[in-house]
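Here is a short briefing to read alongside the model. Have the viewer open, and follow the topics in order.

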Amino acid sequence: MSDIAQRYQNILANIKQYELKYNRDPGSVNLVAVSKTKPAGMIRELADLGQRAFGENYLQESRQKQHELRDLDLEWHFIGHIQSNKTKDIAENFSWAHGVDRIKIARRLSDQRPAELAPINICLQVNLEGEISKSGVSPDEVVNIANEISTLPNIKLRGLMAIPAPDKPHDQQRQVFSVMKALLDELNAQTRAYDVLSMGMTDDMEAAIAEGATHIRIGTALFGPRT
Ligand SMILES: *Cc1c(COP(=O)(O)O)cnc(C)c1O
């Protein structure tokens with residue numbers, strides 16, 4: 001077995017193990033394979049093993065790979081920060097956008113989504129305390145902003161996304177992710193329309209699954225370190 005096939009099997013086994021350990025429904029945790037900076041050939045190898053969802057951060061790079069892999073039926077997730085001048089390309093070429101952090105961005109994605117495509121799935125990015133990045137809405141704005149963007153026609157708000165600081169012990173990681181779960185529950189107290197918590201990366205996937213992650217975004221543990 002190649003290195004990447006081995007790592008893929010390991011991750012799938014870890015997901016199964018943590019679903020069991022934390023009483024999550026089998027199959028309730030989806031793997032988004034974060035392929036940023038990695039070549040199309042590695043994506044193809046994972047696709048041959050059955051992986052469909054791939055996460056990318058850099059638009060130009062991902063458009064190139066989408067072109068090289070256009071013979072495959074893949075589901076592309078834009079997971080990076082979204083600038084206004086990138087919304088059209090994202091609306092036209094991705095099934096998901098995880099890093100929506102402004103009403104303006106949601107509105108542009110809705111306006112620019114081609115009519116022949118299903119609404120683009122989006123997550124509202126939340127900035128939890130102590131994050132290095134400045135992206136994301138503050139927790140007390142989540143309900144208002146979600147209500148406002150949920151009325152837009154060509155996007156489908158699925159839930160929340162976060163990128164907490166990675167260098168924390170397991171208990172503190174869980175505490176941070178539990179705030180996200182509570183926020184999603186708060187949103188669902190009104191509508192029960194939201195089914196996605198996009199959280200958990202290579203170094204905190206166990207804590208994220210323990211607290212209810214439905215989409216973990218894994219790069220390093222699958223593709224090896226990025227240079
Ligand atoms: C790079 C990246 C990941 C993957 O991180 P790893 O630690 O390599 O698993 C996940 N989410 C986002 C938003 C990223 O930018």
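Gly159 pairs with Val196, its bridge partner in strand 7. That pairing belongs to a parallel match between strand 6 and strand 7 (residues 196–198), which holds three bridges. Please keep in mind that this is a predicted model.

**Strand 6 and its partners**

- Strand 6 covers residues 155–161, and six of its seven residues are buried, so the strand is largely enclosed by the rest of the structure.
- Strand 5 (residues 120–125) also runs parallel to strand 6, and six bridges join the two.
- If you would like a pair to locate in the viewer, take Ile120, whose bridge partner in strand 6 is Ile155.
- Together with helix 7 (residues 170–190), strands 6 and 7 form a β-α-β unit, and this unit is right-handed.

**The nonpolar core**

- The largest nonpolar core has 63 residues, and the members that touch the most others in it are Leu109, Ile122 and Leu160.
- Helix 7 supplies the largest share of this core, with six residues.
- Which residues does Leu160 touch, leaving aside those up to four places away in sequence? They are Cys123, Leu124, Val126, Val142, Met180, Leu183, Leu184, Leu187, Val196, Leu197 and Ser198.
- Val196 thus appears twice in this briefing: it is among the contacts of Leu160, and it is the bridge partner of Gly159.

**Around the ligand**

- There are 13 residues around the ligand, and those that come nearest are Lys36, Thr202, Arg217, Gly219 and Thr220.
- For Lys36, a polar atom of the side chain sits 2.7 Å from a ligand oxygen atom.
- Thr202 also uses its side chain, where an N or O atom is 2.5 Å from an oxygen atom of the ligand.
- With Gly219 the backbone is involved: one of its polar backbone atoms is 2.8 Å from an oxygen atom of the ligand.

**A loop residue to look at**

- Where is Asp71 found? It is in the loop between helix 3 (59–68) and strand 3 (75–78).
- Is Asp71 buried or exposed? Its relative accessibility is 55%, and the cut-off for exposed is over 50%, so Asp71 counts as exposed.
- The side chain of Asp71 also has a polar contact, at 3.0 Å, with the side chain of Arg44.

Note on methods:
Residues are numbered from 1 along each chain as its sequence is written. This is a predicted model: local features need pLDDT of at least 70, side-chain atom pairs count only at pLDDT 80 or more; totals for chains, interfaces and linings use all residues. Side-chain values use heavy atoms; hydrogens and water are left out. Buried means under 20% relative accessible area, exposed over 50%, partly exposed in between (1.4 Å probe, protein chains only). Helices (H or I, at least four residues) and strands (E, at least two) are DSSP runs, numbered from the N terminus. Two strands pair if DSSP finds at least two bridges between them. A crossover is right-handed if, with the strands pointing away from the viewer, the path from the first strand over the helix to the second runs clockwise. A nonpolar core is a set of buried Ala, Val, Leu, Ile, Met, Phe, Trp, Tyr and Cys residues joined through side-chain atoms within 4.5 Å. Contact means heavy atoms within 4.5 Å. A residue is near a molecule or strand if one of its heavy atoms lies within 4 Å of it. A polar contact is a pair of N or O atoms within 3.5 Å; within protein, one must be able to donate a hydrogen and the other to accept it, and residues adjacent in sequence count only if both atoms are side-chain atoms.
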